[in-house]
Every structure is written in structure tokens, then in C-alpha cells.
Amino acid sequence: MYLPPHDPHVDDPMRFKPLFRIHLMERKCATVECMYGHKGPHNGHIQIVKKDEFSTKCNQTDHHRMSGGRQEEFRTWLREEWGRTLEDIFHEHMQELILMKFIYTSQYDNCLTYRRIYLPPCSPDDLIPPGLFKGTYGSHGLEIVMLSFHGRKAKGTKITGDPNIPAGQQTVEIDLAHPLQLPEVENLRDFSELSRLVLEVQEQVRREEQERQQRQEQGEHSQPAACQPASNPLGAEGAQGEETAAGAEGTAQDKAPASQPFVLPMGVISRNEDYPRTCRVCFYGTGLIAGHGFTSPERTPGVFVLFDDDRFGFIWLELKSFSLYSRIKVSFQNAQAPSREAFEEMLKNIQSLAT
């Protein structure tokens with residue numbers, strides 16, 4: 001199991017923890033050992049469920065328990081997972097979320113199901129190389145996100161989840177057709193100024209989507225051989241808007257400087273204050289938020305900030321929060337998707353499992 005570094009140090013390397021091992025014996029026999037817990041290897045079982053999926057089961061779950069009971073187990077997990085003690089965490093809401101995460105994870109430690117994950121395919125047109133990133137998620141700590149590109153959109157899919165947003169859900173979506181020109185640093189410190197810019201783009205995106213739907217409905221109701229009148233203002237305006245949006249990314253990046261000063265607006269909370277003070281380009285995007293247990297999920301506006309090939313950020317406008325992401329540089333063998341279709345199918349599957 002690859003664990004993220006301790007919060008909020010996103011640039012630190014991943015941590016490695018063995019979960020099971022297999023001893024191949026003579027005469028095609030094998031023994032399976034569970035490595036979970038703190039009492040050493042013990043008897044386990046592996047079952048192949050179907051293609052690209054298998055399950056492990058621990059046959060001696062008492063090896064996972066500690067003599068000091070759940071309280072000792074929680075404190076040990078806290079040191080390993082967060083690198084701190086409960087006394088170090090003063091925020092009550094954070095204590096509640098951490099305890100909730102411990103309860104969720106520890107109740108499934110005796111039987112685990114594994115499914116294959118493909119790394120996203122690369123394209124020369126991608127903004128940066130796609131891949132896996134460690135990201136700060138406020139009181140939830142660090143989580144793993146897969147960044148992939150899909151034409152005019154980029155998606156950040158959660159590989160690890162939390163009590164609010166489970167793994168498999170699309171945590172952020174970046175609209176590459178709508179770059180954002182940030183104000184000068186002095187004005188950027190004003191949160192209301194950034195909020196105004198983002199909400200203006202959100203309204204523009206909403207209008208373009210509405211016009212696109214209206215054109216589709218008009219096309220469905222018209223005869224196959226019929227043409228839209230050249231003087232139709234809605235069609236002309238909509239087409240022009242779509243053409244402008246499609247070319248906006250290239251135009252903005254051609255004209256944008258190699259880097260521009262960046263600072264978080266006053267009032268925006270960041271777990272990691274060591275974020276870069278220059279960025280390449282910014283885009284309008286949306287982030288997924290929800291209550292505990294993935295209740296009442298909704299997409300809210302935000303800003304995708306590209307720092308360099310290995311780091312990006314996302315400003316959650318409604319939460320007044322900033323997530324910093326850093327690339328995972330572990331080399332995974334045989335993890336590339338055999339085709340883009342196979343990768344898209346995998347994304348659908350893990351999202352359906354989450355919901």
C-alpha cells in the first residue's frame with residue numbers, strides 16, 4: 001500500500017506499507033500471509049474474483065488488535081497516518097473527521113478487494129503530463145488524485161477518499177476553454193475581486209451551455225435537409241461563442257507570460273503555506289463538495305492554478321479554501337492503459353462503485 005506523506009507536506013515522498021505476501025512452495029502450492037497489524041505476518045487467504053480484481057482475507061484478525069484496545073489502536077494509527085498525537089490537534093471539527101476516518105478504515109481491515117487502476121494516457125496536447133498527485137484536503141489530510149485530460153476538460157478523480165467525498169468521485173473539473181486572467185497581486189489579495197471574476201466566468205459558461213442546448217433542440221425539431229437561417233441571432237451568437245471558447249485556451253496561453261506572480265487572497269485557508277509564488281496559467285473550474293456520507297453533493301466554482309509540470313492548486317471559492325497538489329513520482333510497472341477507451345471505462349467503473 002502506498003500512503004501519502006504526512007499532512008501537509010505534499011512534496012515529500014510516498015510511504016510504503018506491505019499488506020500481504022505469498023510464498024510459492026513446491027508442487028504448485030502456496031501460502032498467503034496477512035501483513036496488517038503490529039504482531040507480524042499471520043495466516044491469510046487470496047481469492048481471484050474476476051479479471052483485474054482479487055480479494056484478500058485475514059484468517060487471524062486478532063493479530064490486528066492491540067492490548068490497549070481501540071484507544072491504543074487509534075493513537076497508533078494517528079501517529080502513522082498523520083505523524084502527530086491527538087493532543088497536537090486542537091480543532092474539534094478536525095478531531096471529529098479524523099476519528100470518523102479511523103472508524104471507516106479500521107472496520108474493513110480483515111477483508112479487502114483490489115481492482116486494477118490504469119494510469120491516464122498521454123497526449124502531446126495535454127497541458128501537463130497526466131498522472132497521480134498528492135493533494136491537501138483541509139482537515140481530511142492528504143489524498144491521492146488522478147489528473148487526466150479529455151479534450152476541452154481536465155478531470156481530477158479521487159483515488160483515495162474521505163467521509164465526505166469517496167474514492168472514485170471527480171473532485172475537480174477544469175474548463176480548459178475558459179482561462180482566467182488574474183488581477184495584479186495587490187488586487188488579487190482581495191477575495192471579493194477574485195470571486196467577482198470567477199462568478200462572471202461561471203455565468204458565461206452557463207449561458208454558453210444554455211445556447212448549446214437550445215441549438216440542439218432546434219436541430220432535433222428541424223427537417224434533416226433544412227438549414228438554420230443565416231440571420232438567426234441565437235445560432236450566430238452561439239456559434240461565435242463556441243468558436244471563441246474553443247480557441248480561448250491557445251490564445252490565452254500564447255499571450256500569457258511564462259509566469260506571473262501569485263498569492264492567495266486574504267481569508268483563503270491553506271494547509272500548506274509553502275505554495276509557489278508564481279504560476280503559469282489559471283482556468284475556471286468546479287469542485288465537488290458534500291456532507292458526511294456523500295450527502296447533498298454539488299459542484300461549486302473555483303480556480304485551477306497551474307504552477308509547473310509537477311504542481312497545481314485549486315481555490316474552492318465557496319469554502320474559501322486552497323488545495324495544493326504535487327506529482328507522485330513513483331514508477332508503477334505495467335500501469336498504462338491499453339487504450340483511451342479502456343481508461344474511460346475504468347473511470348466510469350470506479351465512479352459507479354463510489355456511488
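In what order do the 5 strands of the open sheet lie, and is their pairing parallel or antiparallel? In this predicted model, the order is 3-4-5-6-7, and the strands pair in the antiparallel sense. The points below describe this sheet and then the surroundings of the loop residue D11.

**The open sheet**

- The sheet is bounded by strand 3, covering residues 20-24, and strand 7, covering residues 111-115.
- Each of these two edge strands pairs on one side only.
- From one strand to the next, the twist averages 35°.

**Pairing of strands 6 and 7**

- Strand 6 spans residues 53-58 and pairs with strand 7 over 5 bridges, in the antiparallel sense.
- Within this pairing, E53 has R115 of strand 7 as its bridge partner.

**Position and exposure of D11**

- D11 is located in the loop that runs between strand 1 (2-3) and strand 2 (15-16).
- The relative accessibility of D11 is 45%, so this residue counts as partly exposed, a class that lies between the cut-offs of under 20% for buried and over 50% for exposed.

**Contacts of D11**

- Leaving aside residues up to four places away in sequence, D11 touches K134, R311 and S326.
- With S326, the contact is polar and joins the two side chains at 2.7 Å.
- D310 is 299 residues away from D11 along the chain, while the C-alpha atoms of the two residues are separated by 9.6 Å.

Terms used. Residues numbered from 1 in each chain as written. Predicted model: local features only at pLDDT ≥ 70, side-chain atom pairs only at ≥ 80, totals over all residues. Heavy atoms only, no water. Pairing = 2+ DSSP bridges. Helix = DSSP H or I, 4+ residues; strand = E, 2+ residues; numbered from the N terminus. Axes fitted to C-alpha atoms, helices over the stretch in contact; angles between N-to-C directions. Buried < 20%, exposed > 50% of the residue type's maximum accessible area, 1.4 Å probe, protein only. Contact = heavy atoms within 4.5 Å. Polar contact = N/O pair within 3.5 Å; in protein donor to acceptor, adjacent residues only side chain to side chain.
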